[in-house]
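User: I am new to this structure and would like to go through it with you, asking at each step what a term rests on. Please set each value against its definition before you conclude.

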Amino acid sequence: MKQRRREILVAAGALAGAFLTGVLKPVAALAAVWNKEAFSAKDAAGALKALGAASPAASTAIAIEAPQIAENGEVVPIEISSNIPGTTSLAVLIDKNPFPLAGKVDFMEGALPFVKINVKMRETSDVRVIATAGGKHYVAVKEIKVTIGGCGG
Amino acid sequence: MAAGPMKMRATLGSGFTDVRVLMSHPMETGQRKGPDGNLVPAHFIQNLTVKVNGKAVIEAQISQAVSRNPVFSFRLKGGAKGDRIEVSWLDNRGETNKTETAIA
Amino acid sequence: MRTVTFGAVLALTFAPAYAQDAKKEIQKYQQMITEGSPVELYELEGEDLWKKRQGPKNVSLEQCDLGMGPGRLKGAYAHLPRHFPDTDRVMDLEARLLHCMLTLQGRDLKEATKRVFGNADRPSEMEYLSAYIAGQSRGVPVSPGMEHPKERAAFELGRKLFFNRAGPWDFSCASCHGEEGKRIRMQDLPVLSTPQAARPVVATWPAYRVSNSQFKTMQWRINDCYRQMRMPEPTFVSEATIAMNMFLTVTGNSEPYRGPGTKR
Amino acid sequence: MTKSVLLGVAALLGACAAPLPIGERPRVNGDDIDQVTAVLKRDFHVRGAAKMDRVEQDVVQRTCNLYADSPPPEVAKPLEAAQLKAVRYPAGSLLGDWKRGQRIAQSGRGMQWNDKPGAPAGGSCYNCHELSPQEASFGTVGPSLKAFGRTRGNGPDMQKYVYGKIYNAKAFNLCSNMPRLGHSRTLTEQQIKDLTAYLLDPASPVNR
């Protein structure tokens, strides 16, 4: 059960290094794209545009499971899933974060459109989840309130 | 904790397999000031890849908005005892790590 | 105390729906962060440190006796603090680990206690070890030593310390943790002198705190309360700190240990 | 006594020892307080601004410890009066700037060993009190002070009461949980005036 690797492999250039050390197979390396434009967008509209999902249709088939109140913005657990048939990707945007796009997950054959991860939220904000299915984009929104937890000192 | 150890747990459900991966990583935003008053440089995982029996099933791109020491849960369709799951990450400095487990 | 409890029940009954919902949502938050906790990573590191040869004698801690016999970890944490005949002292986990570092590994006190509380970038050896060892008690009911005269004396001292008001702000532990249904900011305050409030606390410490991504031990928890009470600093594993720990653990005894926990 | 008798007594004591009094507040006497203070002196150490004199109890603390925070009126009243007598009221208006007061009310810093020595402290007010309706994260250890000035008035008497209460809460209720923020030199005269304004000024969010 315990699986771990201590050695962190630092490469001169990320992808070249990955090839050299053979940690990531070429297939994975090719797929290791990071949408810099979308991740650098400073508002949700910009991020959506860069994702090619400028005007998604509202959908009730996207589930966002998250607490309405997070006691600490450093860790806000969110669980997202889609019941839209043929969902191939889910993206999470936190409107009020300095860079709203928190992640985009692509699902291939063998994976269900379901992800759970902890995100940072700078303040109370709408959280937007974009699902992509059959080349179309859908959206669901949930507000999460961020409060100060303890003594603050 | 510095970037390093990972741990994965796969649980066979009915018709799907729940997988949870724990990763040690600072996930620095690049906007936080360190004790010396200078900004701590951004250092965060950008890519996560999940493979089952060698075949990629999930490719995720993530940002510095993911919390420190990320815990990433996902679901595989079906799944059988002995299926080999591999999760690897690549961060913005080109550091990478991976972990493997077999569905028990 | 009885009237206070009654008052709290009334307050809960008539609390506006909003407050009820907020409470429910915060409970949900608590549950979700526990599910998505990286705490096992600390246990893994702690296991490595437990087995790592260190100190002038270049031996591991694997022969350390935490009360169940040398090297026996299963359930050991759940039976602490307790009296140890070899030192004739009541010791908690960190006190005993320190003892083993000094005796088994031959390390000196100054070196071994140089950095007992770590940070997010570099947790301390004590923190990693506590995570690993506490994790070996999951499912074991919390049952500290309650028979030996020194164990009983530690409980009594801890109880007096808990209610002792001092310092520039006139605080005792009970100033915050003394009345049902109160909170600091949004944080609910358990009345730690009562079993029902102490049980979930002692069943989940040590714990990972998501607010600062740090793994924290009970010695740290007590230390940090005294900081906020505006008092001088408790000396690591001093008798007073172990007595406080003993008071809390005895008060909250009997529930199966389910930590290391995850806190907001 | 012979050794065997001693052992027998010890065994008896061990076997019959009463269960630990879990869940109850102990009644303490002067010796107990001295014992606890001695333990603190031995087991705690100086750090930053937190010096060891802090473990010594003044008459208010000692009295509250002795009476489990409920001293009889004949004990409490004279002590409250003495505390009130020691409150130093500044000359002139007691109303400062509510905007500065709001920042002081929000801040939980000050007097801790990790606080920068000399840096202005906060009042930690929101830790225990509800004040402005705009701040949802408030504690409930103390009573709600929402709309305090609007409902209680803000004339000279009220100003004097509020200033005095913040300066030394024990002058009004000997074993109050509230720190003596002026008496302990946590807050300055100006800071207490700013807090007084935060509670009483009609323009303050507390009263809007």
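User: What makes the area between chain C and chain B count as buried, and how much of it lies on carbon and sulfur atoms?

Analyst: Buried area is the accessible area, taken with a 1.4 Å probe, that two parts lose on being put together, summed over both. For chain C and chain B that loss comes to about 1,200 Å², with 53% of it on carbon and sulfur atoms. On the side of chain C, the residues that lose the most area to chain B are Glu40(C), Leu41(C) and Asp121(C), which together make up 46% of what that side buries. These values belong to a predicted model, in which local features need pLDDT of at least 70 and side-chain atom pairs count only at pLDDT 80 or more, while totals for chains, interfaces and linings use all residues. Residues are numbered from 1 along each chain as its sequence is written, chains are lettered from A and ligands numbered from 1 in the order in which they are written, and side-chain values use heavy atoms, with hydrogens and water left out.

User: How many residues of chain C and of chain B are in contact?

Analyst: Contact means heavy atoms within 4.5 Å, and by that rule 16 residues of chain C touch 14 residues of chain B.

User: Why is the link between Glu40(C) and Arg20(B) called a salt bridge?

Analyst: The term asks for a side-chain nitrogen of Lys or Arg within 4 Å of a carboxyl oxygen of Asp or Glu. The side chains of Glu40(C) and Arg20(B) meet at 2.6 Å, N to O, so the pair satisfies that rule. Between chain C and chain B the count is 4 salt bridges. Helix α3 (residues 39-51) of chain C gives the largest share of the side that touches chain B, namely 6 residues. That side divides into 9 nonpolar, 3 polar and 4 charged residues, where Ala, Val, Leu, Ile, Met, Phe, Trp, Tyr, Cys and Pro count as nonpolar, Asp, Glu, Lys and Arg as charged, and the others, Gly among them, as polar.

User: Which residues of chain C lose the most area to chain D, and how much do chain C and chain D bury between them?

Analyst: Chain C and chain D bury about 4,700 Å² between them, 55% of it on carbon and sulfur atoms. In chain C, Arg165(C), Trp169(C) and Arg185(C) lose the most area to chain D, together 18% of what that side buries. The contact takes 44 residues from chain C and 59 residues from chain D.

User: What makes Asp32(D) and Lys160(C) a salt bridge?

Analyst: Their side chains meet at 3.3 Å, N to O, and the pair therefore meets the salt-bridge rule. The count between chain C and chain D is 7 salt bridges. The side of chain C that touches chain D draws the most residues, 8, from α7(C), and by class it has 19 nonpolar, 12 polar and 13 charged residues.

User: How do you know that β1(B) and β2(B) pair?

Analyst: Two strands pair if DSSP finds at least two bridges between them, and strands here are DSSP runs (E, at least two residues), as helices are runs of H or I of at least four, numbered from the N terminus. Strand β1 (residues 6-12) of chain B and strand β2 (residues 16-23) of chain B are joined over 7 bridges in the antiparallel sense, so the rule is met. In β2(B), Val21(B) is the bridge partner of Met8(B). The hairpin of these strands has 3 residues between them, and there Gly15(B) takes a positive phi near 90 degrees. In all, chain B has 0 helices and 7 strands.

User: Which strand of chain D is joined to β7(C)?

Analyst: Strand β1 (residues 44-45) of chain D is joined to β7(C) by 2 bridges, and the two run antiparallel. Within β1(D), Phe44(D) is the bridge partner of Pro234(C).

User: Why is the link of Cys64(C) and Cys100(C) called a disulfide?

Analyst: A disulfide is a pair of cysteine sulfur atoms within 2.5 Å, and the sulfur atoms of Cys64(C) and Cys100(C) are 2.0 Å apart, so the name applies. The link is right-handed, with 75 degrees about the S-S bond.

User: Why does the salt bridge of Arg138(C) and Glu43(C) tie together parts that are 95 residues apart in sequence?

Analyst: The closest N and O atoms of Arg138(C) and Glu43(C) are 2.9 Å apart. Arg138(C) lies in the loop between α6 (125-135) and α7 of chain C, whereas Glu43(C) lies in helix α3 of chain C, and so the pair ties together parts 95 residues apart in sequence.
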